[in-house]
Amino acid sequence: MAKGNDGNYLQHCIEVEAAVRLAEMDAAGRLHIALTHGMRPFEPFEEQKTGTCRELLLRKLADANNKPQVEDPAVVKAYRETGASKTCYPNSAELLRAAIGAENLSGGITEICSKKHKCLSEAWLNTNVKTARASWRKEIHSEGILACPDDLQTLWLFSMDPMTYSERCNKKKNLKRSDIDILPLALCRYFRSGYPGIAALFVYGVGK
């Protein structure tokens, strides 16, 4: 569970580190991605809410503005490459672009907000990463952009960061109890592809 801006750091640290290690296992450095909650390529921090923390993230952003160090985490290197800041913070896809290179990425990104999707589609134009203004629930099925391709030829990363996990709430942005029944169907296609990969599910909270 990752909440607040330090939660963003936790999520992105895991995603970028996983992506880099997976790409290193491919002879050509390629990676297939499936990101369920795209957001804009860059967005400012939201106003800090009571009880949330961002000190760790701010320290890592400061590290990215310093001279590169051998021990810098992969995510700090990606922050440096993207020029990440409080007013211009990259989404997962942009960090993966910085870490892996757009030319080495394939896959799909979904986003339900039309304005955010427009920015995403422009950012990934003329690449092998497709975007869709649609719910991830629609796009994980066989012909969707988040589904494992029949001809998958590289390692993969499936990552999602819905708002919260809830047993009874029907908000589209949340991960619901019923989703636990459909996710394995999509992930099993990746698991059975013959290529190693990682599935990461992040939520901001757990509710009723």
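**Exercise 1. Which residue forms a salt bridge with D150, and how far apart are the closest N and O atoms?**

Keep in mind that you're working on a predicted model.

- Step 1: Find the partner. D150 pairs up with R189, and the closest N and O atoms sit 3.1 Å apart.
- Step 2: Place both ends. D150 is in the loop between helix 6 and strand 6 (156-160), while R189 belongs to helix 7, so this salt bridge ties together parts 39 residues apart in sequence.
- Step 3: Check the surroundings. D150 is exposed, at a relative accessible area of 76%, whereas R189 is partly exposed at 29%.

**Exercise 2. Work out where the R137 salt bridge sits, and whether its two residues are buried or exposed.**

- Step 1: The partner of R137 is D179, with 2.8 Å between the closest N and O atoms.
- Step 2: R137 is in helix 6 (residues 136-139) and D179 in helix 7 (residues 179-191), which makes this a link between distant parts of the chain, 42 residues apart.
- Step 3: R137 and D179 are both buried.
- Step 4: For another case, try R40 and E43, whose closest N and O atoms are 4.0 Å apart. R40 has 28% relative accessibility and counts as partly exposed; E43, at 18%, falls under the 20% cut-off and counts as buried.
- Step 5: Put these pairs in context: the whole structure has nine salt bridges.

**Exercise 3. Describe how helix 2 and helix 3 meet.**

- Step 1: Start with the geometry. The axes of helix 2 (residues 55-64) and helix 3 (residues 74-82) come within 8 Å of each other, crossing at roughly 65 degrees. The crossing is right-handed.
- Step 2: List who touches whom. Helix 2 brings L57, K60, L61, D63 and A64, and helix 3 brings V76, Y79 and R80.
- Step 3: Sort them by type. You get five nonpolar residues, three charged and no polar ones.

**Exercise 4. Which element gives the most residues to the largest nonpolar core, and which residues have the most contacts inside it?**

- Step 1: This core has 33 residues, and those with the most contacts inside it are V16, L31, Y79, L96, L105 and W124.
- Step 2: Elements giving two or more residues include helix 1 (4-24), strand 1 (31-35) and strand 4 (105-110). Helix 1 tops the list with seven.
- Step 3: Zoom in on L105. Beyond its neighbours within four places in sequence, L105 contacts L31, I33, L96, R97, I100, W124, N128 and V129.
- Step 4: Don't miss the second, separate core of 19 residues, with A134, W136, I145 and C148 among them.

Notes:
Residues numbered from 1 in each chain as written. Predicted model: local features only at pLDDT ≥ 70, side-chain atom pairs only at ≥ 80, totals over all residues. Heavy atoms only, no water. Axes fitted to C-alpha atoms, helices over the stretch in contact; angles between N-to-C directions. Helix = DSSP H or I, 4+ residues; strand = E, 2+ residues; numbered from the N terminus. Left-handed = near helix turned anticlockwise from the far one by under 90°. Contact = heavy atoms within 4.5 Å. Nonpolar A, V, L, I, M, F, W, Y, C, P; charged D, E, K, R; others polar. Salt bridge = Lys/Arg side-chain N within 4 Å of Asp/Glu carboxyl O. Buried < 20%, exposed > 50% of the residue type's maximum accessible area, 1.4 Å probe, protein only. Core = buried A, V, L, I, M, F, W, Y, C linked by side-chain atoms within 4.5 Å.
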